[in-house]
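Colleague: I have just opened this structure and would like to learn how to read it. Could you take me through it feature by feature?

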Amino acid sequence: MDDFKMRFYVNFIKDDRYMYLVKGLQNTLIITFFSALLGILLGFLVAIIRSTYEKTGKCKILNAVCKVYLTVIRGTPMMVQLLIMCYVVFGSYNLNKIVVAFLAFGFNSGAYVAEIVRSGIMSIDPGQMEAGRSLGFSYGKTMWYIILPQAFKNILPALANEFIVLLKETSVCGYIGLMDLTRGGDIIRSRTYEAFLPLIAVALIYLVIVMILTNLVGRLERRLRTSER
Amino acid sequence: MNDRGDVLFKVEGLCKSFGSNLVLDHISTEIKSGEVVVIVGPSGSGKSTFLRSLNLLEMPTGGQILFEGQNITDKKTDIDAYRQKIGMVFQHFNLFPHKTILENLTLAPIKLLKKSKVEADKEAMELLKRVGLEEKASAYPSQLSGGQKQRIAIVRSLAMHPEVMLFDEPTSALDPEMVGEVLNVMTDLAKDGMTMVIVTHEMGFAKEVGTRVLFIDEGQIKEENTPKEFFENPQNPRLKEFLSKIL
């Protein structure tokens with residue numbers, strides 16, 4: 001027991017080593033949060049363009065651009081995209097690493113969100129669009145007031161899953177020299193030559209965040225389901 | 001508003017084809033204000049397509065439709081503004097499942113006619129009272145029976161104060177015991193002088209309420225007449241065959 005106390009002290013308390021985890025967690029959360037926002041924005045945009053093209057044949061060029069985007073992002077590893085974003089796209093700029101990571105993860109997430117949202121839009125009965133249009137709503141207004149709210153409800157579990165994946169994927173940030181939660185734990189390991197405690201601590205923190213997220217989404221889902229008793 | 005007897009729709013040589021399949025074959029007719037036009041015909045005859053092209057849910061591939069003298073098939077027509085004047089009731093109701101009944105009725109008046117919520121709510125409650133469903137105002141569509149849903153769908157359209165109501169087989173998806181309640185609402189509407197175009201298989205309703213009956217087959221109007229003549233003295237051999245099967 002004393003041995004454990006000693007190890008705990010060396011790994012977390014001594015030299016304020018817990019700050020590696022606190023700082024790292026802060027960066028992880030910032031990157032995840034803003035990437036998720038960018039992902040949602042891009043995802044909805046791409047999904048609306050794609051499903052508009054599929055339903056009406058309009059937006060041909062935009063649809064082609066979206067398809068290239070989806071193919072490239074989904075066809076290459078996240079880590080490679082992050083490295084390219086850091087050393088090729090912004091290689092000659094001295095941009096904050098957190099911004100680089102936010103852009104890389106946001107663009108990546110957008111591609112996956114787009115396909116989730118598109119499946120949601122396509123799952124809504126075409127009669128809903130017809131009902132909206134025949135009341136006099138434009139295509140865009142029908143989308144906004146009638147189709148998207150229903151689609152959002154259907155895709156919420158898949159969307160939540162995407163953001164859980166996103167949170168965990170940010171753990172590769174260390175490769176561009178950014179201290180996220182994972183890198184923070186790893187730094188402690190390299191200082192104390194002890195792997196068990198810092199890495200388990202990192203894993204537990206991820207686990208707790210994911211559990212909180214799952215719980216929040218579950219509540220939101222129940223609230224949105226009130227119309228289906 | 002239009003006086004009774006004014007021509008609302010003037011359909012000239014209307015054609016619609018899906019690929020090489022010609023569904024509407026040069027249909028021409030007029031629909032006057034106050035008329036209750038019932039369209040009957042075998043399935044696949046193009047009757048629903050004809051009705052749906054009246055509010056441009058199907059875009060005609062030939063001919064034109066004039067509404068109050070204005071060519072609505074013209075590319076420059078503001079389709080959304082036009083559709084506000086045309087009520088549409090679907091076979092499968094198409095209520096908005098994520099909105100309460102009251103919200104279903106008030107969404108379009110608030111967003112499109114820019115009515116205040118108070119005003120729209122008040123009007124919606126009056127409409128709900130008219131079909132005997134005011135106690136369902138805060139319910140969701142999934143909590144209603146088919147007949148109730150269709151009555152809501154009708155008043156949802158009425159909330160926009162349309163000049164014409166189109167009905168696409170409004171009772172075909174209902175259990176038999178619920179058909180009556182929907183037809184009653186439609187009958188009341190007709191008595192109030194609403195111009196109605198109805199695709200239906202309810203021949204009793206066509207006889208009682210219709211002012212004119214159209215028989216569409218193979219994309220053409222094969223016969224049109226007053227209900228009495230139409231049912232008692234059919235001329236077209238296809239119509240005779242059709243009536244003998246269903247009556």
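Modeller: Keep in mind that this is a predicted model. We can begin where the two chains meet: Asp80(B) forms a salt bridge with Arg133(A), and their closest N and O atoms are 3.2 Å apart.

Colleague: How many salt bridges are there between chain B and chain A?

Modeller: The count between these two chains is 2 salt bridges.

Colleague: How much area do chain B and chain A bury between them?

Modeller: Buried area is what two parts lose in accessible area on being put together, summed over both. Here chain B and chain A bury about 2,000 Å², with 58% of it on carbon and sulfur atoms. Chain B gives 25 residues to the contact and chain A gives 21 residues.

Colleague: Which salt bridge should I look at inside chain A?

Modeller: A salt bridge here needs a side-chain nitrogen of Lys or Arg within 4 Å of a carboxyl oxygen of Asp or Glu. Glu115(A) and Arg50(A) fit that rule, at 3.7 Å from N to O. Glu115(A) belongs to helix 5 (residues 97-123) of chain A and Arg50(A) to helix 2 (residues 18-56), so the pair ties together parts that are 65 residues apart in sequence.

Colleague: Are Glu115(A) and Arg50(A) buried or exposed?

Modeller: Buried means under 20% relative accessible area. Glu115(A) has 18%, so Glu115(A) counts as buried. Arg50(A) is buried as well, with 9%.

Colleague: Which pairs could I look at in chain B?

Modeller: Glu58(B) and Arg52(B) form a salt bridge whose closest N and O atoms are 3.0 Å apart. Both Glu58(B) and Arg52(B) are buried. Another pair is Arg130(B) and Asp192(B), whose side chains meet at 3.5 Å, N to O. That pair links distant parts of the chain, 62 residues apart: Arg130(B) is in helix 4 (residues 117-130), and Asp192(B) is in the loop between helix 6 (176-191) and strand 8 (195-199). Asp192(B) counts as exposed, at 56% relative accessibility.

Colleague: Which residues of chain B do salt bridges join into one network?

Modeller: Salt bridges can share partners, and here they join Asp217(B), Glu218(B), Lys222(B), Arg238(B), Glu241(B) and Lys245(B). Over all chains the count comes to 26 salt bridges.

Colleague: What does the radius of gyration say about chain B?

Modeller: The idea is to compare the value with the one for a compact globule. With 247 residues, such a globule would have a radius of gyration near 18 Å; chain B has 18 Å, which agrees. The C-alpha trace of chain B spans about 55 × 45 × 35 Å along its principal axes. In chain B there are 9 helices and 10 strands, and 57% of the residues are buried.

Colleague: And how much area does chain B expose?

Modeller: Chain B exposes about 10,700 Å², of which carbon and sulfur atoms supply 48%. As for contacts in chain B between residues at least 6 apart in sequence, 67% join residues at least 24 apart.

Colleague: Which residues form a nonpolar patch on the surface of chain A?

Modeller: Met1(A), Phe4(A), Met6(A), Phe8(A), Tyr9(A) and Ile13(A) form one, with about 640 Å² of accessible area together. Met1(A) sits in the segment before helix 1 (2-13) of chain A. Met1(A) is exposed, with a relative accessible area of 75%.

Technical notes. Residues numbered from 1 in each chain as written. Chains lettered and ligands numbered in written order. Predicted model: local features only at pLDDT ≥ 70, side-chain atom pairs only at ≥ 80, totals over all residues. Heavy atoms only, no water. Patch = residues over 30% accessible without salt bridge, like charges linked within 9 Å, V, L, I, M, F, W, Y side chains within 5 Å. Areas by Shrake-Rupley, 256 points an atom, 1.4 Å probe, with all protein chains shown as cover. Helix = DSSP H or I, 4+ residues; strand = E, 2+ residues; numbered from the N terminus. Buried < 20%, exposed > 50% of the residue type's maximum accessible area, 1.4 Å probe, protein only. Rg over C-alpha atoms; globule rule 2.2 N^0.38 Å. Contact = heavy atoms within 4.5 Å. Buried area = accessible area lost by both parts, 1.4 Å probe.
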